[in-house]
Amino acid sequence: LEGHGMNPNMNICIHSVEGTEESLVSPEFGLKGNLDCTVKATTQELCLNGGAKPDGRETSLVGIELKTGHFQQPQNSHMAQLALYTLMLSVRYGKTSLHDDHASKTGILLYLNHEGMRANRISPLVSDLKTLIGQRNSIA
């Protein structure tokens, strides 16, 4: 997967589809939405030279948001949507490997159209999530 911003590229191996159109509700944050797909996957972060990071391997639940249309570049609204879905997955499933099915800090934006597909990795920072929650609170 292609990293976006400060996120390095990563390899991913999807083991199973755990849910489709999963309804996510987080009263703690005042958020709700429907994640297109939740998969159990093993991810491996890559170094800048393309080699695997020795401590960058993890098996967890990863959210995938599907986008169709001609424009296949990550858009801010798409990244914000997936960042909040990733937060809600963490609330539902936990975010540490102490749980068998814990949520990843990474989500995947999968752009599909008649020309092909493009996958981008989105890993929101805590500061990004705080900003998005703050924006949500200002309009609620």
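Let me start with one residue, Leu 132, which lies in helix α2, and I should say at once that what we are looking at is a predicted model. Is Leu 132 buried or exposed? Its relative accessibility is 17%, and because the cut-off for buried is under 20%, Leu 132 counts as buried. If we set aside the neighbours within four places in sequence, Leu 132 is in contact with Ala 80, Ala 83 and Leu 84. Gln 81 is 51 residues away from Leu 132 in sequence, yet their C-alpha atoms are 9.4 Å apart in space.

That brings us to the other helix, α1, which covers residues 76-93. With 18 residues at 1.5 Å a residue, helix α1 should span 26 Å, and since its end C-alpha atoms are 26 Å apart, the expected and the modelled values agree. Which residues of α1 are buried? They are His 78, Met 79, Leu 82, Ala 83, Leu 84, Tyr 85, Thr 86, Leu 87, Met 88, Leu 89 and Ser 90. As for what they pack against, the buried residues of α1 meet the strands β2 (10-26), β3 (31-46), β4 (52-68), β5 (103-113) and β6 (116-122), together with helix α2 (126-139). Just after α1 comes Gly 94, which takes a positive phi of about 85 degrees.

A positive phi also turns up at Glu 21, a residue other than glycine, where the value is near 50 degrees. Glu 21 has its place in strand β2, and with a relative accessible area of 48% it is partly exposed.

Let me now step back to the whole protein, which has two helices and six strands, running from the N terminus in the order β-β-β-β-α-β-β-α. Among contacts between residues at least 6 apart in sequence, 60% join residues at least 24 apart.

How does the overall size fit the chain length of 140 residues? A compact globule with that number of residues would have a radius of gyration near 14 Å, and the protein has 15 Å, which agrees. The C-alpha trace spans about 45 × 40 × 30 Å along its principal axes, and buried residues make up 42% of the 140 residues.

Finally, a word on the surface and the charges: the protein exposes about 8,100 Å², of which carbon and sulfur atoms supply 54%, while the mean positions of its 12 positive and 14 negative charges are 5 Å apart.

Notes:
Residues are numbered from 1 along each chain as its sequence is written. This is a predicted model: local features need pLDDT of at least 70, side-chain atom pairs count only at pLDDT 80 or more; totals for chains, interfaces and linings use all residues. Side-chain values use heavy atoms; hydrogens and water are left out. Helices (H or I, at least four residues) and strands (E, at least two) are DSSP runs, numbered from the N terminus. The expected span of a helix is 1.5 Å times one less than its number of residues. Buried means under 20% relative accessible area, exposed over 50%, partly exposed in between (1.4 Å probe, protein chains only). Contact means heavy atoms within 4.5 Å. The radius of gyration is taken over C-alpha atoms; the globule rule is 2.2 Å times the number of residues to the power 0.38. Accessible areas come from the Shrake-Rupley method with a 1.4 Å probe; for residues, only the protein chains shown count as cover. Lys and Arg count as positive and Asp and Glu as negative; His and the chain ends are not counted. The place of a charge is taken as NZ of Lys, CZ of Arg, CG of Asp or CD of Glu.
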